[in-house]
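Got your viewer open? Grab the mouse and let's take a walk through this one together, stop by stop.

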Amino acid sequence: MAFEKEIKQRRTFAIISHPDAGKTTLTEKLLLFGGAIHTAGAVKSNKIKKTATSDFMEIEKQRGISVATSVMGFDYKQRKINILDTPGHKDFAEDTYRTLTAVDSVIVVIDVAKGIEEQTKKLTEVCRMRNTPIIVFINKMDRDGKDPFELLDEIEEMLSIKVRPLTWPIGMGYNFQGIYNLFFKSLRLFNPEHEKIPPAISFSNILDTEIDSHIGETAAATLREEVELVEAVYPEFDIDLYRNAEIAPVFFGSALYNFGVQEILDTFIEIAPSPSPSKTLERTVSPYEEKFSGFVFKIHANMDPNHRDRIAFVKICSGRFERNKNYYHVRLKKQMKFSNPTSFIAEKKEIVEYAYAGDIIGLYDSGNFKIGDTLTEGEQMHYTGIPSFSPEMFRYIENGDPMKFKQLNKGIDQLMDEGVAQLFTNEFNGRKIIGTVGALQFEVIEYRLKHEYGATCKYEPIHLYKACWFASKNKAQLDDFKKRKYQDLAKDKQKRDVFLAESAFALEMAQQNFPDIQFYFTSEF
Ligand code: GDP
C-alpha cells in the first residue's frame, strides 16, 4: 500500500442545500478557515439567478465560472480536503446527483427558519441510497426560526435519519448568544459586531455556575434544561453509526457571521471518512490498491465556440494517477494518456503530476468520454452507482432539417452521453423522446445542436407524467404487461425497458394490476 498515507488524509465531500440556505456562504467560510482563500467574496456563487431562466446563455456563462470552483481543495490540520461544488439551480439537479456519487460524505445546510425544503429532501434521498454519511449544519441562527427540538424531529422524520446534536444554540435571532459544545463542554459566545470570533470557554460540566456569568441566569437555566433533555433523548454520538449513515451529527451556527464554522470543520476532519471502497460490476475496489482506477462522473462542455473542448471530471477510486502515463479506457478498449490533467485548488486550476484516490481530476476531452466511463491500468471493470433518475419533463424531438439528419443524431447522442438529458425511443411509433429534470435543458439542447453540430431540432409536446424502468421475474406477467401497454413502452439508450406513464393514476394502476412487476425511478436497481 504505497500511497496509504496520502489517501488516508483525504476528505472528499459536498455541501448540499436547498437554494438560499447558505451553501455558498458556508463553503466560503470553510475555505477561509482552511486558509485556501483570504478574503470573503472570493468564491463565486454558482447560484443561477432566478431572473435568468429565460436566458440560458447567461446561465451557461455562470456555469462556466463555476467550473473553476467545481472542486475546491485545501489542506487543513494534516488533512487534504476536497469540497465538490454542486449547482444550486433545480434544473441542474441531475448534475448534483451525479456529483454526489463522487463524494465520501456530505454536509447538509438547513435554514433554521425554513427547515427541510424540497431540494434538501431530494438530495439527501440520493445520499441515503448510497449510504453517504451526513453532517447537518443548521444555519442562520442569528435570525428567528424554528424551535431546535422541533427542527431535529423534522429532520429525523423527513430525511429518515437519526440525529445527534453536537452543539446546542443559546437562544436565536436577536437573542442568539452563542453555542454550547456538547462534546467539549465549551461555550462560544456570539457577537455580531465582533469581527473575530472569541475563543471557546471550557467548563468542567454544564452545572458550572460560571456559565451564568457569560449568558445570564435565565439563559443558563434554559441551556441546562435543554442540554439535559438532549442527553436524555439522543444516544451518545457513535462515529461508526455516523459512518454507516445511520446517524447525523448536528451543528448550529451562522455561516454569515463565521459562527459555528470552526466547530463543524474541526469535527468534520476528525470524523468524516477518508476514501471508501467503490463498487464495480465485477468487484469492490479498495482505495488502497496499488493500481489506479477511477470513473467519469461529470462532463462539462465548453459553450464557447473557440474552445470546443470538454472537461471530464474523474473521481479517483484507487491508487495514484500520473500525468502522461497510459491508462485503459474500458468502454472504448483503448489506451489513453493525458498530458494536462488539472486539479482545482480554490480559485486556480493547476496541472497535476500525481493525484490519489479521493481526488478529483479534470481531463480535457474531445469526445471520448461519457458519464460513468471507467479508467484503469488495464483491468476490465466497470464502476457502478451513477444512476439516471426518472425525468419529469418530456418532449418529442424531431429533425428540423432533412439534410442534417446525421448531424442531429450525432449531436443528440453526444449530448446524452454528457448527461444533459435522457433519450427514450418509443417502441410503438419509433419516435425519440427527450426527458429532463428541468425545462432549461430543452433550450440548451436546441442551442447546442445548432451551434456545435449544425443541426436543427424541433420539439413536439408529449403528455407524460414519468418514465420509469421496469423488470420482473414473472415472465408471463411481464409479457402480458408489454402486450397491454405496447403504446406506452420505450427503450432507453442502453436498450432497457421503460414505461411511459401518462399520469400518476396510470402508474398506480400499472403497479396495482401487475404486482409482480417492479417499477424503478432510478436506472440502477
Ligand atoms: P446558497 O443558495 O445555499 O448557496 O445560499 P447563499 O450562501 O448564497 O446564501 C443565501 C443568502 O442567505 C445570502 O444573502 C446570504 O448572505 C444569506 N445568509 C447565509 N448565511 C446566513 C446566516 O448565517 N445568517 C443570515 N442572516 N443570512 C445568511
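Here is a short tour of the ligand, one strand with its neighbours, and a sheet. Keep in mind that you are looking at a predicted model.

**Stop 1: the ligand and its shell**

Select the ligand and show what is around it. You should find 17 residues surrounding the ligand, and the closest are Asp 20, Lys 23, Thr 24, Thr 25 and Asp 142. Try colouring this shell by class: four residues are nonpolar, seven are polar and six are charged. Now highlight helix 2, residues 23-33. With three residues, helix 2 gives the largest share of the shell.

**Stop 2: polar contacts with the ligand**

Stay here and pick out a few residues one at a time.

- Thr 24: a polar atom of its side chain sits 2.5 Å from an oxygen atom of the ligand.
- Arg 143: look for an N or O atom in the side chain, 3.2 Å from a nitrogen atom of the ligand.
- Ala 255: this time go to the backbone, where a polar atom is 3.1 Å from an oxygen atom of the ligand.

How much of the ligand's accessible area does the protein cover? On its own the ligand has 580 Å², and the protein covers 81% of that.

**Stop 3: strand 1**

Next, select residues 10-17, which make up strand 1. Is this strand buried or exposed? Eight of its eight residues are buried, so strand 1 is largely enclosed by the rest of the structure. Show the side chains and look at where they point. Arg 10, Thr 12, Ala 14 and Ile 16 go one way, while Arg 11, Phe 13, Ile 15 and Ser 17 go the other way, and all of them are buried.

**Stop 4: the partners of strand 1**

Add strand 3, residues 79-84, to your selection. Strands 1 and 3 run parallel and are joined by five bridges. To see the pairing up close, zoom in on Arg 10, which stands opposite Lys 80 in strand 3.

Then add strand 4, residues 105-111. Strand 4 also pairs with strand 1 in the parallel sense, over five bridges. Here, Ser 17 has Val 109 of strand 4 as its bridge partner.

**Stop 5: an open sheet**

For the last stop, select strands 7, 8, 9 and 10. These four strands form an open sheet in the order 7-8-9-10, with antiparallel pairing. Which strands are at the edges? They are strand 7 (167-170) and strand 10 (201-202), each of which pairs on one side only.

Finish on strand 9, residues 186-189, which pairs with strand 10 in the antiparallel sense over two bridges. Click on Ser 186, and you will find Ser 202 of strand 10 opposite.

Definitions and conventions
Residues are numbered from 1 along each chain as its sequence is written. This is a predicted model: local features need pLDDT of at least 70, side-chain atom pairs count only at pLDDT 80 or more; totals for chains, interfaces and linings use all residues. Side-chain values use heavy atoms; hydrogens and water are left out. A residue is near a molecule or strand if one of its heavy atoms lies within 4 Å of it. A polar contact is a pair of N or O atoms within 3.5 Å; within protein, one must be able to donate a hydrogen and the other to accept it, and residues adjacent in sequence count only if both atoms are side-chain atoms. Accessible areas come from the Shrake-Rupley method with a 1.4 Å probe; for residues, only the protein chains shown count as cover. Ala, Val, Leu, Ile, Met, Phe, Trp, Tyr, Cys and Pro count as nonpolar, Asp, Glu, Lys and Arg as charged, and the others, Gly among them, as polar. Two strands pair if DSSP finds at least two bridges between them. Buried means under 20% relative accessible area, exposed over 50%, partly exposed in between (1.4 Å probe, protein chains only).
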